[in-house]
Amino acid sequence: MKIEQYQIDQYNDTLFSRHNNQFIFLKEQLAEQGINSAEVLKALEAFQVAIPSWALGTGGTRFGRFSGVGEPRSLEEKIEDVGLLHALNRSSGSISLHIPWDIPEQAASIISLATSLDLKFDAVNSNTFQDQKGQEHSYKFGSLSHVDAHVRKQAVEHNIEVIKYGKDLGSKALSVWLSDGSCFPGQSNFVRAFQNTLESLQEIYAALPEDWKVFVEYKAYEPNFYSTVIQDWGSSLLFCQKLGPKADVLVDLGHHLPNANIEQIVATLMMEGRLAGFHFNDSKYGDDDLTVGSIRPYMLFLIFVELVEGMNRAGKGSDGYAWMIDASHNVKDPLEDLLQSVEAILIAYAQALLVDRKKLALARQQNDVVLAQQILQNAFRTDVRPLVRESIRLSGGALDTIGLFRHLKVRNELMNERGKLTVATGL
Ligand code: AOS
Ligand code: ZN
Ligand code: ZN
Ligand code: ZN
């Protein structure tokens, strides 16, 4: 299944005049506020968010998994799925692989498939949170932090192997997320666990190619429920500072204790030049797998306000960071869900680009709290969807991505090709 450009163009023709009216109206409103829509469009068009290979199948819960139809059965089919997303929104131009769920046996043919769909390979992810068949040592009690040096060695070697796979594909970073920690008080020596992890990460760091980075992801809890070795951004930053300039902190939106001020964390990490990027998702309670923007869109916007400020300060574009969606759950078509997530990200980014930075700085300087809040909320309450649609249209995507996905009956086609009982590898 492939979506052809003519199908997108034909579909857009049916929606164009309505869209264009909305877009012109918004453009005029923005011009009155001194905002140049062309610049916002340029920034939106450049924004690319990676799709993780494990989000293309229906996610499991701890209690069961209800697989969808036509799920990708192989790495090739996962790449094809991301190709469908990218054809529709032109903003999902890369895929993040997970080893060993997606071993690229033949790098050359995998690369040529991805290139034909205009896709690149984002960070590669290692996995020491599960035992694999035939594995000598178990990760039941940890991996890079384990009390037994043999287990640590096995986990380090796995990460080095992942780097090798990534190198062949043209990835430039290794993402490390550890589930290491403890479930009960007394189980683990916090300091030993930290030091073991640091030594293991140092060995991995030493194996990084010249132009590579390692992203250190943190998570407050789960699957361990008493302590997690890399539990928060402070621990993650500490590891990165000890490791060196090739290590940066990866923030996953769902990995914080309730009500954490994530936008402030982002600002601080960017101030230090240590923000690697993001795993986007949303959560209501303690989960990390809901569609981006489905629960707390204002928080997402506030995060983007800091991201835009940080990028401006650093003189970097959005391509200077690693953006990825990290969500996968049970009840939606995974491709439709991802389209919704990417759209939510583009909306929040567009809104953040509308913030009048000069006025905001002045309001802050004068301690005009009311005005400062007004400036942010004015941007947040602007319906920027016509801008987002226009940016997607200009790059060749669909004016209504989910609309076209349904119009072309993509899932049905995939079911015919792949079958009804398909289970994508992953969580
Ligand atoms: C787990 O909660 C983390 O968010 C990881 O980034 C990721 O989901 C996991 O490593 C799957 O590879
Ligand atoms: Zn994550
Ligand atoms: Zn997570
Ligand atoms: Zn998760």
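In strand β9, Ala247 is the bridge partner of Val214. The model that shows this pairing is predicted. Start here, and work outwards strand by strand.

Strand β9 covers residues 247–252, and 4 bridges join β7 to β9. The two strands run parallel. A further pair of partners can be picked out by eye: Val216 is matched in β9 by Val249. Now look at how covered these strands are. Of the 6 residues of β9, 5 are buried, so the strand is mostly covered; buried here means 20 or more other C-beta atoms within 10 Å. Strand β7 (213–217) tells a similar story. In β7, 4 of the 5 residues are buried, so the strand is largely enclosed by the rest of the structure.

Strand β7 also pairs with β5. Strand β5 takes in residues 173–176, and it pairs with β7 in the parallel sense over 4 bridges. Find Ser175, and its bridge partner in β7 is Phe215.

Go back to β9 and move to β10 (275–280). These two strands are parallel and are joined by 4 bridges. Asp252 has His279 as its bridge partner in β10. How does the chain get from β9 to β10? The path goes through helix α8, residues 262–271, and this β-α-β crossover is right-handed.

Next comes the core. The largest nonpolar core has 110 residues. Which of them touch the most other members? They are Val214, Val216, Val249 and Ala350. Helix α10, residues 334–354, gives this core its largest share, 14 residues. Val249 is worth a closer look. Set aside its neighbours within four places in sequence, and Val249 is in contact with Val216, Trp233, Ser236, Leu237, Cys240, Leu269, Arg274, Leu275 and Ala276. One of these contacts, Val216, is the residue already met as the bridge partner of Val249.

Now turn to ligand 1. Which residues are around it? They are Trp54, His98, Asn125, Trp177, Glu217, Lys219, Asp252, His279, Asp288 and Asp326. The shell divides into 2 nonpolar, 3 polar and 5 charged residues. Two members of this shell, Asp252 and His279, are the bridge partners already seen across β9 and β10.

There is also an open sheet of 3 strands. Its order is β1-β2-β3, and its pairing is parallel. Strands β1 (51–52) and β3 (120–121) stand at the edges. Each has a single partner strand, so one side of each is left without a neighbour in the sheet. Strand β2, residues 94–96, pairs with β3 in the parallel sense over 2 bridges. In that pairing, Ser94 has Lys120 as its bridge partner in β3.

The loops hold some backbone surprises. Most residues other than glycine have a negative phi, and most peptide bonds are trans. Against that background, follow the chain on from β2. The loop between β2 and α4 (107–116) holds Pro100. The peptide bond from Ile99 to Pro100 is cis, with omega near 15°.

A second cis bond links Glu222 to Pro223, with omega near 5°. Pro223 has its place in the loop between β7 and β8 (227–228). Glu222 lies in the loop between β7 and β8 too. The phi of Glu222 is near 85°, a positive value in a residue other than glycine. Is Glu222 buried or exposed? Glu222 is partly exposed, because 15 other C-beta atoms lie within 10 Å.

Lys409 is another residue to check. Its phi is near 50°, positive in a residue other than glycine. Lys409 sits in the loop between α14 (401–407) and α15 (410–418). Lys409 counts as exposed, because it has 12 C-beta neighbours inside 10 Å.

One last stop is Arg296. This residue is found in the loop between β10 and α9 (297–314). Arg296 counts as partly exposed, because it has 17 C-beta neighbours inside 10 Å. How far is Arg296 from Gly166? Along the chain they are 130 residues apart, and their C-alpha atoms are separated by 34 Å.

Terms used: Residues numbered from 1 in each chain as written. Chains lettered and ligands numbered in written order. Predicted model: local features only at pLDDT ≥ 70, side-chain atom pairs only at ≥ 80, totals over all residues. Core = buried A, V, L, I, M, F, W, Y, C linked by C-beta atoms within 7 Å. Contact = placed C-beta atoms within 7 Å. Pairing = 2+ DSSP bridges. Near = placed C-beta within 6 Å. Nonpolar A, V, L, I, M, F, W, Y, C, P; charged D, E, K, R; others polar. Right-handed = clockwise from strand over helix to strand, strands pointing away.
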